Amino acid sequence: MKTILLGPPGAGKGTQAQFICQAYDIPQISTGDMLRAAVSAGSELGHRVKAVMDSGALVSDDIIIELVKERLAADDCVNGYLFDGFPRTISQAQALEAAGVALDAVVEIRVPDEEIAKRMSGRRVHPGSGRVYHLVYNPPQIEGRDDETGERLIQRGDDQEDTVRERLGVYHDQTHPLVEFYLAKSGHGDLRYIEIDGLGDVEGIKRQILNSLG
Ligand code: AP5
């Protein structure tokens, strides 16, 4: 199972990725989580990408493609994987093709821009695992604490209102063209393009996605 989760910031990609990865026993490859881990670790990569991420812009294709290629070489990728937040540009998608990755499905989660701001302002994350919560829509069992480890949850630096607006603009300009890109390919070969209405409760959306993937 090699799948891409596509959708705007706050569509619920990270939330749903956890369910898909559990159901299929595959790793989640979130370029956002990988970059945030590099920033937290204070690595050279982290220093190079921090300002770009804080601004809401995209990290350069070269850096991302290198990062993903390295990740795909790991042992846990042999039975498949789920991309969350990658590819983000046509160049990244073409690099994936050039690397010989044959995708099984692209799952697009659609959420209108108006809903995004509400989701982002209430989002809290567990930095260690990438687990995602929402103060109202998907609260943790104990306020401010991760359900599994009990560790403190944080608010992401790029969830400020202005940065979210910037990220949405970047999504429409640079990432949304991937919808046409993959729709055009879904008629040929084994690739399935699955559209999911991302409005509704987390459980319902999970069921829709898992039923569609089969
Ligand atoms: P990244 O971490 O990938 O962020 P993103 O794509 O903008 O997506 P988010 O993580 O913000 O949202 P999500 O769709 O996962 O939603 P979530 O499940 O959390 O990227 C961050 C940055 O890294 C980029 O801006 C860029 O700089 C860089 N980067 C990363 N990848 C890159 C790449 N490939 N190329 C270049 N640069 C890259 O849900 C959001 C909130 O809503 C949560 O609080 C959740 O609990 C809640 N929620 C979820 N589902 C529902 C529901 N159905 N109803 C109500 N609330 C819900």
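Reader: Which residues form the nonpolar patch on the surface?
Author: Leu 135, Val 136 and Tyr 137 do, with about 330 Å² of accessible area together (Shrake-Rupley, 1.4 Å probe, only the protein chains shown as cover). Patch residues have over 30% relative accessible area and no salt bridge (Lys or Arg side-chain nitrogen within 4 Å of an Asp or Glu carboxyl oxygen), and nonpolar side chains are joined within 5 Å, like charges within 9 Å. This is a predicted model, where local features need pLDDT of at least 70, side-chain atom pairs need 80 or more, and totals for chains, interfaces and linings use all residues. Numbering runs from 1 along each chain as its sequence is written, and side-chain values use heavy atoms, without hydrogens or water.

Reader: Where's Leu 135?
Author: Leu 135 lies in the loop between strand 6 (132-134) and helix 7 (161-175); these are DSSP runs numbered from the N terminus, helices (H or I) of at least four residues and strands (E) of at least two.

Reader: New topic: how many disulfides are there?
Author: Zero in the whole structure (sulfur pairs within 2.5 Å would count). For Cys 21, the nearest cysteine sulfur is that of Cys 77, 10 Å away.

Reader: Is Cys 21 buried or exposed?
Author: Cys 21 is buried, at 10% relative accessible area (buried is under 20%, exposed over 50%, partly exposed in between; 1.4 Å probe, protein chains only). Cys 77 is buried too, at 5%.

Reader: And which way do the strand 3 side chains point?
Author: In strand 3 (residues 81-84), Tyr 81 and Phe 83 point one way, Leu 82 and Asp 84 the other, and all are buried.

Reader: What pairs with strand 3?
Author: Strand 1 (residues 2-6) does, parallel, over four bridges (pairing takes at least two by DSSP). Strand 2 (residues 28-30) also pairs with strand 3 in the parallel sense, over three bridges.
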